[in-house]
Amino acid sequence: MDPVLSSEVLAKLRQPRPYPAVSLVMPTHRREPDNAQDPVRLRNLLSEAEKSLTGDPDVPRERRLDILDQLSRAAAEVDLAHAEDGLVIFAAQGEHQVWSLPRAVPERVVLADTFLTRNLVAARAAEQPYWALAVAADRVSLWSGDPERAVEAAREGFPLTRDLEPQDVEREERVGDVPSTFRDEATRQFLREAHERLRVLLAAEPRPLYVLGASEALGLLEELGPLAPDTVTVPHGGLADGPAAAVHAAVEPARAAREADAVSKLLADLDAARGRREFAGGIDEVWRAAKEGRARLVAVEDDFRTVVREEGEHLEPAEAGDPGARDDMVDEIVERALDTGAEVRFVPGGTLDGRDHIAAVLRY
C-alpha cells in the first residue's frame, strides 16, 4: 500500500464531499494469468460508475462531467502491471485518488457524500507498519516499513545530515575506523536533534520503532533518553543511506520475533478474557460488540473474508450476489472498532483456530 496513507490522510478522505463522492473498489491480481482479467474488470466498473452518475437526477450535469473526467484521469494512473491485491479509486468534484492495497477487497461502485474508506482502514491496520531509524555520524534517515518492504520517509526534517571534516571521516566512521566520532560533542548535538525530531514523529504517529546503527551510535542515543516503549535496537551500521532492501532485511528478523511474541501474548489475552466472560468469538458476536463500542481489542486472521447478510440483530452466512449480501464485513468491523478506540490486531491464518477466525476482548 502507498506508504503515505497516514492517519491524517485517512481523516481527510473521510470528510464529506458535495454529492456524489464516487468510490470504485475491485480485487486485482499480482501474477499471470489471473491479472489478464483486471483491465476488463476496471473498464466494466468505470462503465457502471458512468451509468450510475448519468442516471442519478441529483447529480448536476456540470458536476457529472467533472467527476467523469476525474475518473478518466484516475484510470490513466492505474498501474495494473504492478498490481497488488486490491484497487481503490476515489473521485469527486475537482479531485481523484488511486490506492493499491496489499489486501483483497470486494468489487463495488458506491456513490455517497463520503468516500468508502473501510477497505483502506483495514488494509492499513493489517499492514503492521513500523518506523526504522538508521544512524550514522553524518546522516540519520527515517524509514517506513512493513513485513514486505521499507521505503525512506521524508518526515519531520528527516533525513538529517551534516558535513564531517576531514572529507574521508565519513568513509572511516562507517567502517568503524574512527571510534571517537560518537564521543564528539558536535556528534552528540547532531544525534540529540535527531532524537527530538523522532519524538515529535512518534507522538503524532506511534508505531513500533527499530533503531539501526553501530554500537556506539546506539549507545549514545540510549543516553539521550527513551524514544518509545519497546524500542528495538539493531546493531547494524552502514545503512543511513540505505538501500531500502538492506534496511528491510536488517529489521525483518527482529520484527518477526517481536510479532511472534505479540501473537503468543494476544492468544493468552483472549483465553483470559474468555475466563472473565469478556470474550466475543465469530463474526456475528464481534460485529455486535464493535458496533456497540464494547470491543477493547479485536483480533482477526489476515486472510479471513466472508459474505454475510443482516437478519434482525444478527449476521447470517450468505452467498455473493444475494440480496443484502455484504462481502466486506470484516473490513467494516475493523473500521468500527478503530473508530471506537479499540486495538485491532491481524494475525496469520490459522492462529485463531477454535475462535471462528475473529475474536474480541470486551470492555464490559
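Strand 2 (residues 86–92) and strand 3 run antiparallel and are joined by 7 bridges. Within this pairing, Leu-87 of strand 2 faces Ser-100 in strand 3. The model is predicted.

The pair belongs to an open sheet of 4 strands. Their order is 3-2-1-4, with antiparallel pairing. Which strands stand at the edges? Strand 3 (95–101) and strand 4 (108–112) do; each has a single partner strand, so one side of each lacks a neighbour in the sheet. From one strand to the next, the twist averages 10°.

A helix accompanies this sheet. Helix 4 (residues 118–126) lies across strand 1 (21–27), strand 2, strand 3 and strand 4. Its direction makes an angle of about 40° with strand 3.

The elements of this region are listed here.

| Element | Residues |
|---|---|
| Strand 1 | residues 21–27 |
| Strand 2 | residues 86–92 |
| Strand 3 | residues 95–101 |
| Strand 4 | residues 108–112 |
| Helix 4 | residues 118–126 |

Now the whole chain. The protein chain has 10 helices and 16 strands. Its C-alpha atoms fill a box of roughly 70 × 55 × 40 Å along the principal axes. The chain holds 364 residues, and 47% of them count as buried. Take the contacts between residues at least 6 apart in sequence: 68% of these join residues at least 24 apart.

What does the surface look like in numbers? The protein chain exposes about 17400 Å², and carbon and sulfur atoms supply 49% of that area. The chain carries 45 positive and 69 negative charges. The mean positions of the two sets are 4 Å apart.

Methods. Residues are numbered from 1 along each chain as its sequence is written. This is a predicted model: local features need pLDDT of at least 70, side-chain atom pairs count only at pLDDT 80 or more; totals for chains, interfaces and linings use all residues. Side-chain values use heavy atoms; hydrogens and water are left out. Helices (H or I, at least four residues) and strands (E, at least two) are DSSP runs, numbered from the N terminus. Buried means under 20% relative accessible area, exposed over 50%, partly exposed in between (1.4 Å probe, protein chains only). Contact means heavy atoms within 4.5 Å. Accessible areas come from the Shrake-Rupley method with a 1.4 Å probe; for residues, only the protein chains shown count as cover. Lys and Arg count as positive and Asp and Glu as negative; His and the chain ends are not counted. The place of a charge is taken as NZ of Lys, CZ of Arg, CG of Asp or CD of Glu. Two strands pair if DSSP finds at least two bridges between them. Axes are lines fitted to C-alpha atoms, for helices over the stretch in contact, and angles run from 0 to 180 degrees between N-to-C directions.
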